[in-house]
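Trainee: Could you walk me through reading a structure like this one? I would like to start with a single residue and work outwards.

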Amino acid sequence: MAISCSVQGFPLQTAFRTAAFAPALRTVVKMSATAGSRISYESLAIKPPEHPTYDLKGIIKLALAEDAGDRGDVTCKATIPSDMAVEAYFLAKEDGIIAGIALAEMIFREIDPSLNVEWCRNDGDFVHKGLQFGKVHGRAHNIVVAERVVLNFMQRMSGIATLTKAMANAAYPAYMLETRKTAPALRLVDKWAVLIGGGRNHRMGLFDMVMIKDNHISAAGGVTGALKAVDLYLEQNSLQMEVEVETRTLEEVEEVLHYSSQTKTSLTRIMLDNMVVPLPNGDVDISMLKEAVQLINGRYETEASGNVTLDTVHKIGQSGVTYISSGSLTHSVKALDISLKIDTELALKVGKRTGRA
């Protein structure tokens, strides 16, 4: 039986205005195993970013093994009959953007392929406090074993997606990017959550884009020396990939533009770092950023970085930059409060008492 997701009278927050009207559809995520431990993502509406070596199934197994240790769930073994079947419901305890539904499917399937999971929201949809947005039916023991690992992933991913959605809406017409400031070993998961929240991915790692930053510039003896070295390296190794260079002053921007006007270069994007100046009243001065964008005049993509917050991102987005990047999307995210309960009536009663449902 499909679950009902109707709760009346919830407030729509402006930051989530587009997601709130997504249709309440039952989602069935079908994933097939490919060579080794790989998973096919063709059926997913929002696919995880590509990575040549990352093993998502291996990460799931590691998370489950971390929880199970060498004995498994001793509490479940003691209290839950092995053949007991139950239904457990996913409950949102605060408003936000849900993410990790597809990953939850993978975890349940890894523990027990016979578990039946149904949703009335999809990855990227708005959920409000008190909403039952999914259910899992099957062996109680396996559902409870999966519970914390599933919620750990979903809560973190949903927190990232919620902040990304708010910042991406505010940044328009600029696009919102995350950085490499992700949880170790969870980079693909964190960056997947950014996509679900309506952001775009920056480089996945050190291998898929040349990004000339301050330490590279210092070691190469300056911006021009670093750009020359990169162009030579790419030519000698027959590589074609995006190249970004960080600039910190208008003089460095002019130096980059002079070099590119004199030489064939692989440069594709100029980062304008810390050209957003914070003011004592909490506002920001973007005059330097706007001047840099005008100097570049559309010859290259531009990326603003530094002093990017939910309060400042709208003003930064009006500067004309192509992208705005913020490590805060992933490095200090607040998890979205979600639970998985067998007794939802009692859970809602307690939640109302504590203001969490």
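Mentor: Gladly! Let's begin with R269, which is buried, with a relative accessible area of 6%. Keep in mind as we go that this is a predicted model.

Trainee: Which residues does R269 form a salt bridge with?

Mentor: The general idea comes first: side chains of opposite charge can pair when their charged atoms come close. Here, R269 forms a salt bridge with E242, where the closest N and O atoms are 3.9 Å apart. R269 also forms a salt bridge with E244, and there the closest N and O atoms are 3.7 Å apart.

Trainee: Where do R269 and E244 sit along the chain?

Mentor: R269 is in strand β9 and E244 is in strand β8, so the pair links distant parts of the chain, 25 residues apart. Both R269 and E244 are buried.

Trainee: And E242: where does it lie?

Mentor: E242 lies in the loop between α7 (223-236) and β8 (243-247), whereas R269 belongs to strand β9 (residues 267-273), so their bridge ties together parts that are 27 residues apart in sequence. E242 counts as partly exposed, at 40% relative accessibility.

Trainee: Which residues are linked in the network of salt bridges?

Mentor: E242, E244, R269, E301 and E303 are linked in it. The structure as a whole holds 11 salt bridges.

Trainee: Could you show me another of them?

Mentor: Try K191 and E178, which form a salt bridge with the closest N and O atoms 3.2 Å apart. K191 is in helix α5 (residues 187-196), while E178 is in the loop between β6 (175-177) and α5, 13 residues apart.

Trainee: Is K191 buried or exposed?

Mentor: K191 is buried, with a relative accessible area of 0%. Its partner E178 is buried too, also with a relative accessible area of 0%.

Trainee: Strands keep coming up. In what order do the strands form the open sheet?

Mentor: As a general idea, strands of a sheet pair through backbone hydrogen bonds, either parallel or antiparallel. In this structure, 6 strands form an open sheet in the order β6-β13-β12-β9-β8-β7, and the pairing is parallel. The edges are β6 and β7 (210-212), each with a single partner strand, so one side of each is left without a neighbour in the sheet. From one strand to the next, the twist averages 25°.

Trainee: How many bridges pair β6 and β13?

Mentor: β6 and strand β13 (residues 323-325) pair in the parallel sense over 3 bridges. To find the spot on screen, look for M176, which stands opposite I324 in β13.

Trainee: Which strands does helix α8 touch?

Mentor: Helix α8 (residues 250-262) packs on the sheet and touches β8 and β9, with its direction at about 145° to that of β8. Helix α9 (residues 287-296) lies across β9 and β12 (301-305), running at about 160° to β9.

Trainee: Last topic, the nonpolar cores. Which residues touch the most other members of the largest core?

Mentor: They are F90, L103, F108, F133, M154 and W192, out of 53 residues in that core. Helix α4 (residues 140-171) gives the largest share, 11 residues.

Trainee: Why does this core lie between the domains?

Mentor: Because domain 1 (56-161 + 335-354) and domain 2 (167-332) both give residues to it. There is also a second, separate core of 40 residues, including A174, A226, Y259 and I286.

Definitions and conventions
Residues are numbered from 1 along each chain as its sequence is written. This is a predicted model: local features need pLDDT of at least 70, side-chain atom pairs count only at pLDDT 80 or more; totals for chains, interfaces and linings use all residues. Side-chain values use heavy atoms; hydrogens and water are left out. A nonpolar core is a set of buried Ala, Val, Leu, Ile, Met, Phe, Trp, Tyr and Cys residues joined through side-chain atoms within 4.5 Å. Buried means under 20% relative accessible area, exposed over 50%, partly exposed in between (1.4 Å probe, protein chains only). Helices (H or I, at least four residues) and strands (E, at least two) are DSSP runs, numbered from the N terminus. Domain bounds come from an automatic or database domain assignment. A salt bridge is a side-chain nitrogen of Lys or Arg within 4 Å of a carboxyl oxygen of Asp or Glu. Two strands pair if DSSP finds at least two bridges between them. Axes are lines fitted to C-alpha atoms, for helices over the stretch in contact, and angles run from 0 to 180 degrees between N-to-C directions. Contact means heavy atoms within 4.5 Å.
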